[in-house]
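Here are some friendly notes to read alongside the model. Take the points in order, and keep the 3D view open as you go.

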Amino acid sequence: MKDNQRILITSHSDRTVTWTLTRPDGRANVIDRLFLNEMSNALEELERDKLVTGLIIRSAHPKIFLAGADLSSLSHLPSDEMEVLLGDGQDIFNRLARLDLTTVCCINGPCLGGGYELALACDRRILSANPNAVVGLPETSLGILPGWGGCYRLPRLIGLFRALPTLAGGRPVRPRKAAKLGMVDEIAPAEVLEQAGREALNTGKASPRLHWDNLPVIRQLISIAGRRKVLSQTKGHYPAPLAAIEVMEYGLGAGCEKALAREREVFLRLSRSEISANLMHFFFLRERAKKVPAPVGGGDYPEISRVHVIGAGKMGGGIAQWVATRGIPVILSDLSPDALGFGLKTVHSLLDQAGKRGILSPLQARQAMDRITPVCEPVPIRKGDLVIEAIVERIGAKRTLFADLDTRSPGGTVFATNTSALSIDCMSVAMKDRSRLGGLHFFNPVHRMELVEVIEAEQTDPAVVRSLLHFVNRIGKRAVLCKDSPGFLVNRILLPYLVESAILWEEGNEVLAIDRSMTHFGMPMGPLRLLDEIGLDVAGHVATELKFRLPHLATPPPMLAGMSEQGMLGRKSGSGFYIYSSKKSGRLQPNPTLGKLGKRAANRAKETEMSERMNLVMLNEAARTLEEGVVATPEDVDFGMIAGTGWAPFRGGPLRHADSVGIRPLVERMEKLADTYDERFEPCKYLLELARKDKTFYPQSSESTHTLSSKQMERIQS
Ligand code: NAI
């Protein structure tokens, strides 16, 4: 036991034992084969020693309790070995549940997946009040289900009615809600968590709970309603939540052994599916985005200690709120008190929402607000400051601003623009030191979108890029590193898709049919609806800029400009392709006045033809981003598109999806479409080359997410 590397055991004089979950390298606690072996041995000791009355399980990691199964080893396991691991885990957790002593988990940080299944096998769960201490079973978001007893135990603990959305939705649950649902027994301030755990040892073994919703007929009705809801939300693209509902319902009527056997069987079936492989792929893409290889060389910049956000509009307010919440002081500036007032109102309302949802405590929200200093006059800039520009999207205004900032900033100051599509090298022409300007392209709404594109312009010092990448990581966002090129990565691929949807509308297709073709494909919303969300004016502006710089793209239909002129700007103006009312409920209706904008053709296309056209223009631009070196790898493209636009995660991203369909048939189809329409469908060189050599974007799909390309290796800092 002395050499344990995952579970350290301490025996106390009061006949209790503590297991401390740990890793010698200080990394996040996860459940791997070694963990299970050590747990099995530790249980054997407790099963032998009849004098021990209580067990506390705690974590040595300052922030994480137990993050779940070690997915990097799990995803490579052959099916037979996976089956053994599942069975062993179930046996071990059963032994924990059956111990003849009181067992308490003191959960100081995230306790997810297998981690929460372990907690479920204990008598009591005490959770830290820290909002980062989340619990839950997110397996369905990976296309699988909890296979170590989670489907069996959760409904027994909290009842099927509450367990169903928690398990099928797969979202981590924050402390207040977890206590309300009964997922934990108590919340305690972090400082007294273990004391609360010790006190809970006196409450004895947990007795089975009775829940009205677990009774036979009621649970059937709940399952039917749950299945219906999941189907309407996922359009049938995600089988795991449905399987989880079925397994939970079955488990409530079966004994432990049979229920766990069904859990194993369904887990194995799901884990072998392409959907699960794609969702795992996205999981690893997210992990990879935490450690984007940074360019080497260049100067030296100090750690960023303060942020200036210039422009307190929609984006500036959102960025200021996010950065201040991460503990960094912010100076928020705008031209007038009114404009500044708008920004502060945005910050206030975001903090308020975060408070209401239990993401921030009232104290944390107040401290974040206090970190923001609003100003209408230029303030001194000092070494270690990062200036993020979020003013209007006009090259002249941005150029003048950076020229001024440059003259009044000392060395060691980093500048970043949040531009959507303007050239950063054009923006820096009037600066003396152009090397300190890079791009930080946040997405709207900032608090929801985890992606930030970090832009490296021709003139940008690699040290500035490193500093920006580090900053993105520090504020808890995930980065994709892009070259300064039109629309960078996401807008470059997204805008041609949106323009194609508008062209389809102009050709005579119905708004609902166009949108349905893409939601059926797996997009979170249709392209015309997305245009309404972005704003017809903003999207039109970016599309025109892109067409100007990339002539092969389709010309945005004049009707888009017409809509803006008529004040149909989308959701913000109450009408666009759809009509918006203040009432939240009900289906959105297409805007009946659209027809008055001009005569449309009457060429209706089939749903599959529409989605094919929209997907192929995206694929062409996605391949071009690799051809032109805008990003380094297919992983960057797939991660950027899923994280930045919600591109069907269950398909693994546009390039992984193209690989699975086959590049050659896609290229042949594009060539046919180019004959029928125009050069926008002409496959780019990169695609032609892949088709000619019968290759795919990913060398070997299953391995590529875990390894770095040679190009990336070259860029890694020594
Ligand atoms: P906005 O129009 O809501 O806000 C711009 C703010 O900048 C206004 O409050 C204006 O008074 C202020 N401003 C203008 N010139 C200024 C100056 N010289 N000094 C200080 N303040 C100045 O614009 P929004 O939507 O926040 O966009 C800002 C930037 O972010 C743009 O470059 C835009 O392309 C980019 N962006 C916008 C996204 C969106 O969805 N709105 C998404 C991602 C990037």
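1. A good place to begin is the ligand. The model is a predicted one, and 19 residues surround its ligand. Those that come nearest are Met315, Asp334, Glu393, Lys398 and Ser420, so you may like to find these five on your screen before going on.

2. Next, the make-up of that shell. Its residues divide into eight nonpolar, seven polar and four charged. Two elements each supply at least two residues of the shell: helix 13, which spans 314–325, and strand 14, which spans 437–442.

3. Which side chains place a polar atom by an oxygen atom of the ligand? Serine 420 is one of them, with a polar side-chain atom 2.7 Å from a ligand oxygen. The side chain of asparagine 418 has an N or O atom 3.0 Å from an oxygen atom of the ligand. For asparagine 444, the corresponding distance from a side-chain N or O atom to a ligand oxygen is 3.2 Å. As for cover, the ligand taken alone exposes 840 Å², and the protein buries 77% of that.

4. Now turn to the surface. Phe161, Trp212 and Leu215 make a nonpolar patch there of about 370 Å². Phenylalanine 161 belongs to helix 6, residues 160–169. Is this side chain's residue buried or exposed? Phenylalanine 161 has a relative accessible area of 52%, and because the cut-off for exposed is over 50%, phenylalanine 161 counts as exposed.

5. Helix 20 deserves a look too. This helix runs over residues 511–521 and contains histidine 520. The relative accessibility of histidine 520 is 37%, which lies between the 20% and 50% limits, so the residue counts as partly exposed. In sequence, histidine 520 and lysine 235 are 285 residues apart, yet in space their C-alpha atoms are 6.9 Å apart.

6. Another pairing across the sequence involves helix 18, made of residues 462–474, where asparagine 473 is found. Asparagine 473 is partly exposed, with a relative accessible area of 37%. Its partner in this pairing is lysine 290, 183 residues away along the chain, and the two C-alpha atoms are separated by 6.4 Å.

7. If you have time for one more pass, go back to the ligand and find serine 420 again. Serine 420 is among the residues that come nearest to the ligand, and its side chain also has the polar atom at 2.7 Å from a ligand oxygen.

Conventions. Residues numbered from 1 in each chain as written. Predicted model: local features only at pLDDT ≥ 70, side-chain atom pairs only at ≥ 80, totals over all residues. Heavy atoms only, no water. Patch = residues over 30% accessible without salt bridge, like charges linked within 9 Å, V, L, I, M, F, W, Y side chains within 5 Å. Areas by Shrake-Rupley, 256 points an atom, 1.4 Å probe, with all protein chains shown as cover. Salt bridge = Lys/Arg side-chain N within 4 Å of Asp/Glu carboxyl O. Helix = DSSP H or I, 4+ residues; strand = E, 2+ residues; numbered from the N terminus. Buried < 20%, exposed > 50% of the residue type's maximum accessible area, 1.4 Å probe, protein only. Near = heavy atom within 4 Å. Polar contact = N/O pair within 3.5 Å; in protein donor to acceptor, adjacent residues only side chain to side chain. Nonpolar A, V, L, I, M, F, W, Y, C, P; charged D, E, K, R; others polar.
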